[in-house]
Amino acid sequence: MNKLLEIYADILDLLARIAISLLFLINGYSKIIYFDGTVGWMESYGLPSFFIYPAILLEILAPILLILGFKTKICSILLAGFCTITAIIFLNDFSDQSQLNGFFKNIGLSAGFIFLAINGSKNFSLDSKFEK
């Protein structure tokens, strides 16, 4: 099994970076399309509407950079922090099973990003190309 993972490590790394990034690209796009509704939802949690702009920027730019494998460690740390913060702010009613599940999904995503930050991206990345 280890030999098989070694053989396909580069492609699996790329596929994993794409998979983990798609959620954020879709959410960032949705924030743009449903801008007013998203602002209203954020304000219902007591957040100023200004926070929509950095959220959109992070959810669009960081996943694109992750897919390209550029500044992977920095983008991963930023997205790990984003997942943790959004879990704490928006998913803190643990009596609601859906919010509890969402909270732990966000924490799981955060852990995945931390793992990516620690290990970096493999050969199919701009980081790898610039290191050489």
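A disulfide, for our purposes this morning, is a pair of cysteine sulfur atoms within 2.5 Å. I begin with that cut-off because the cysteines are my opening topic, and the structure before you is a predicted model.

By this rule the count comes to 0 disulfides. Take Cys75: its nearest cysteine sulfur belongs to Cys83 and is 13 Å away, and Cys75 is in no disulfide. Seen from the other side, the closest cysteine sulfur to that of Cys83 is the one in Cys75, at 13 Å, which is too far for a bond. Are these two cysteines buried or exposed? Cys75 counts as buried, at 5% relative accessibility. Cys83 is buried as well, with a relative accessible area of 2%.

I turn next to the pockets. The largest has a volume of about 700 Å³. Its lining comprises 25 residues, and those nearest its centre are Lys31, Glu59, Phe82, Thr86 and Phe90. Two or more lining residues come from each of these elements: helix H2 (9–33), helix H3 (35–44), helix H4 (52–68), helix H5 (72–90) and helix H6 (97–119). Which helix gives the most to this lining? That is H5, with 7 residues. In chemical terms, the lining of the largest pocket divides into 17 nonpolar, 5 polar and 3 charged residues.

The second largest pocket has a volume of about 280 Å³. Among the residues that line this second pocket are Asp13, Arg17, Phe115, Asn119 and Lys122. H2 and H6 each supply at least two residues of its lining, and H2 gives the most, with 6 residues. By class, the lining of the second largest pocket holds 6 nonpolar, 3 polar and 3 charged residues.

My last topic is the aromatic residues. The structure holds 10 aromatic pairs, and I shall describe two of them.

The pair of Tyr45 and Phe90 is edge-to-face, with 4.8 Å from centre to centre and 85 degrees between the planes. Tyr45 sits in the loop between H3 and H4, while Phe90 belongs to helix H5, so this pair ties together parts that are 45 residues apart in sequence. The partners have these accessibilities: Tyr45 is partly exposed, with a relative accessible area of 36%, whereas Phe90 is buried, at 11%. Phe90, you will recall, is also one of the residues nearest the centre of the largest pocket.

The pair of Phe70 and Phe130 is likewise edge-to-face, with a centre-to-centre distance of 5.9 Å and 75 degrees between the planes. Where do its two members lie? Phe70 is in the loop between H4 and H5, and Phe130 is in helix H7 (residues 126–131), so the contact joins parts that are 60 residues apart in sequence. Phe70 is partly exposed, with a relative accessible area of 28%. Phe130, at 59% relative accessibility, counts as exposed.

There is also a grouping beyond these pairs: Phe35, Phe50, Phe51 and Tyr53 form one aromatic cluster.

To restate the main points on this predicted model: the disulfide count is 0, H5 gives the most to the lining of the largest pocket, H2 gives the most to that of the second largest, and the pairs of Tyr45 with Phe90 and of Phe70 with Phe130 are edge-to-face.

Notes. Residues are numbered from 1 along each chain as its sequence is written. This is a predicted model: local features need pLDDT of at least 70, side-chain atom pairs count only at pLDDT 80 or more; totals for chains, interfaces and linings use all residues. Side-chain values use heavy atoms; hydrogens and water are left out. On a 1 Å grid over the protein atoms alone, a cavity is a set of points where a 1.4 Å probe fits but cannot get out, and a pocket is an open set with protein on both sides within 12 Å along at least five of seven lines; lining residues have an atom within 4 Å of a point. Grid points are joined across faces, edges and corners, and a volume is the space filled by probe spheres set on the points. Helices (H or I, at least four residues) and strands (E, at least two) are DSSP runs, numbered from the N terminus. Ala, Val, Leu, Ile, Met, Phe, Trp, Tyr, Cys and Pro count as nonpolar, Asp, Glu, Lys and Arg as charged, and the others, Gly among them, as polar. Buried means under 20% relative accessible area, exposed over 50%, partly exposed in between (1.4 Å probe, protein chains only). Rings of Phe, Tyr and Trp (its six-membered ring) pair if their centres lie within 6.5 Å; planes under 30 degrees apart count as stacked, over 60 as edge-to-face and the rest as tilted.
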